[in-house]
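New to this one? Take a look at the sequence and the model below, and then we'll walk through what stands out.

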Amino acid sequence: MSASVETQAALSAPRIEISGRIVDVAPQSFRVAGLSPFMRLGDCIRCPGESEDELGEVVRIDADSLTVKPYGSRFSKGVGSRALKVGPFAIAPDASWRGRVLDGFGRPRDDLGPVGTGDVERPVDAPPLTALKRARISQAVPTGVSVVDIFTPLLKGQRLGVFAGSGVGKSTLMGMLAQAKGFDTVVVSLVGERGREVREFLEEVMAGDLEKVVTIVATGDESPMMRRLAPRTATAVAEHFRDAGDDVLLIVDSVTRYAHAARDVALAAGEPPVSRGYPPSVFSELPQLLERAGTGLEGSGTITGIYAVLIDGDDHNDPIADAIRGTLDGHIVLDREIAEQGRFPAVDYLKSISRLADKAWHGSERELVTRLRAMTSRFEDTRDLRLLGGYQRGSDTTLDQAVDLVPHIYEFLTQRPGQAVHEKPFDALSAALKQALSAKSQPPAK
């Protein structure tokens with residue numbers, strides 16, 4: 001028999017499906033018997049149905065049964081229902097995904113028809129690239145947000161966190177960062193958002209620039225499995241465009257809700273909570289997701305990751321915030337008191353840092369930033385003293401200069417979405433401060 005005949009015979013042979021039976025159904029999971037020897041953690045299970053199949057993911061393997069978390073919010077199968085082995089979940093991204101809104105499975109959530117299927121399938125849980133094979137980070141990207149470009153500059157391939165409590169302007173700032181001009185493709189993952197916020201984000205925050213944006217959505221009413229899947233799918237999409245040579249901006253809002261979903265999955269698998277209710281696997285899943293962003297191999301593109309971190313109760317020592325902060329290449333801290341003063345973006349640049357800033361600053365820019373931070377710190381430390389009338393002008397020249405200039409710095413850094421940006425923010429800020437000093441030195445008009 002020739003090779004072509006053998007191939008044809010193999011293709012025409014009936015497919016063998018490995019199946020088991022559901023033996024237990026709980027509110028958040030179900031158990032399947034008969035498949036334990038054939039499955040691995042992370043593999044998918046398909047339960048055939050009359051209208052559509054239902055999918056789940058294996059989260060625990062025992063000798064006689066599997067524990068499976070369904071992707072759907074409601075699981076309709078009962079004891080004795082058939083369950084089929086599927087294998088690891090993978091997607092096949094395509095250039096036609098730009099400008100579309102999809103779910104974690106890559107299915108359209110908009111009304112624009114079906115999307116194309118790429119030639120190469122990508123597992124949503126792909127491992128990060130080997131550290132020594134990654135290209136070096138060297139190129140800065142102007143974001144158009146002055147406070148970011150000056151104090152926490154962004155570079156292609158960097159991973160930056162935006163840390164904020166609820167209602168402080170986190171999503172608005174990330175939308176402003178998404179307007180940066182140095183990227184070929186933008187991948188946005190909205191995790192656990194309110195349903196109304198998805199359309200508002202796309203039509204208001206991202207207005208006019210959706211043709212290069214791929215949006216992966218899992219709203220707050222969806223199951224923990226879908227909220228856990230969306231950022232991983234978005235990262236796989238970003239990896240596809242990176243390997244095609246694009247410079248990709250990956251935005252995840254928020255990675256905290258991804259951690260909440262991962263916690264629900266881990267607890268259903270029987271893991272014990274060890275830190276404020278979070279099981280150990282959550283703290284290993286976070287770096288596995290975050291490390292997938294960054295530079296690619298030499299000659300390929302980059303993934304610049306911006307991750308929103310929702311601070312529960314404005315507690316910046318939350319274990320999830322600590323774990324994420326230690327993994328990323330920098331963090332931007334939004335402060336509620338600054339927002340209450342009407343200064344937006346409400347960035348506390350004294351607490352914000354970019355670990356790669358030295359690769360972006362040139363010449364005297366580093367020295368200027370250091371002086372501005374010191375001046376602002378002195379201004380804020382003496383706020384109560386000045387309010388009580390304990391400040392006497394002329395007794396401290398450094399404080400005098402801070403009182404003269406810091407309000408002008410705050411005014412310069414205040415910026416609304418859609419506002420004209422400074423192409424050279426350092427030069428514009430220096431000019432504004434010189435003008436303020438010049439006006440201060442002028443004698444009062446008679």
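Which residue forms a salt bridge with glutamate 285? The partner is arginine 228, and the closest N and O atoms of the two are 3.4 Å apart. Keep in mind that you're looking at a predicted model. Here's a quick tour, from the whole chain down to single residues.

**The chain as a whole**

- The protein chain has 13 helices and 19 strands.
- Along the principal axes, its C-alpha atoms fill a box of roughly 100 × 50 × 40 Å.
- Of the 446 residues in the protein chain, 51% are buried.
- Take the contacts between residues at least 6 apart in sequence: 72% of them join residues that are at least 24 apart.
- The domain assignment splits the chain into domain 1 (15-88), domain 2 (91-357) and domain 3 (361-418).

**Where domain 2 meets domain 3**

- Measure from centre to centre by C-alpha atoms, and domain 2 and domain 3 turn out to be 32 Å apart.
- On the contact side of things, 17 residues of domain 2 touch 14 residues of domain 3.
- Interface size is often quoted as the accessible area that is lost when the parts come together.
- For domain 2 and domain 3, that buried area is about 1600 Å², with 59% of it on carbon and sulfur atoms.
- How many salt bridges does the rule find across the interface of domain 2 and domain 3? The count is zero.
- Polar contacts do turn up there, with nine residue pairs counted between domain 2 and domain 3.
- On the domain 2 side, α2 (146-151) and α3 (170-177) each bring at least two residues to the part that touches domain 3.
- Of the elements on that side, α2 gives the most, with four residues.
- Sorted by class, the side of domain 2 that touches domain 3 has 11 nonpolar residues, five polar ones and one charged one.

**Helix α3 and its lysine**

- Six of the eight residues of α3 are buried, so this helix is largely enclosed by the rest of the structure.
- The buried ones are Lys170, Leu173, Met174, Gly175, Met176 and Leu177.
- Lysine 170 also has a salt-bridge partner: its side chain meets that of aspartate 253, at 3.3 Å from N to O.
- That pair ties together distant parts of the chain, since aspartate 253 is in strand β15 (residues 247-253) and lysine 170 is in helix α3, 83 residues apart.
- Is aspartate 253 buried or exposed? At 1% relative accessibility, aspartate 253 counts as buried.
- Lysine 170 is buried too, with a relative accessible area of 9%.

**A salt-bridge network**

- Over the whole structure, the search finds 28 salt bridges.
- One of them joins the side chains of aspartate 125 and arginine 232, at 2.6 Å from N to O.
- Aspartate 125 is in the loop between β9 (122-123) and β10 (140-141), while arginine 232 is in helix α5 (residues 224-243), 107 residues apart.
- The two ends of that bridge have their own settings: aspartate 125 is partly exposed at 43% relative accessibility, whereas arginine 232 is buried, with a relative accessible area of 3%.
- Back to the opening pair: glutamate 285 and arginine 228 form a salt bridge, with glutamate 285 in helix α7 (residues 280-290) and arginine 228 in helix α5, 57 residues apart.
- Both glutamate 285 and arginine 228 are buried.
- Through shared partners, salt bridges link Glu57, Asp125, Arg228, Arg232 and Glu285 into one network.

**A histidine in helix α6**

- Histidine 260 is in helix α6 (residues 255-268).
- With 18% relative accessibility, histidine 260 counts as buried, because the cut-off for buried is under 20%.
- Which residue's side chain makes a polar contact with the side chain of histidine 260? That's tyrosine 278, at 3.1 Å.
- If you set aside its neighbours within four places in sequence, histidine 260 is in contact with Tyr278 and Asp312.

Note on methods:
Residues numbered from 1 in each chain as written. Predicted model: local features only at pLDDT ≥ 70, side-chain atom pairs only at ≥ 80, totals over all residues. Heavy atoms only, no water. Domains from an automatic or database assignment. Contact = heavy atoms within 4.5 Å. Buried area = accessible area lost by both parts, 1.4 Å probe. Salt bridge = Lys/Arg side-chain N within 4 Å of Asp/Glu carboxyl O. Polar contact = N/O pair within 3.5 Å; in protein donor to acceptor, adjacent residues only side chain to side chain. Nonpolar A, V, L, I, M, F, W, Y, C, P; charged D, E, K, R; others polar. Buried < 20%, exposed > 50% of the residue type's maximum accessible area, 1.4 Å probe, protein only.
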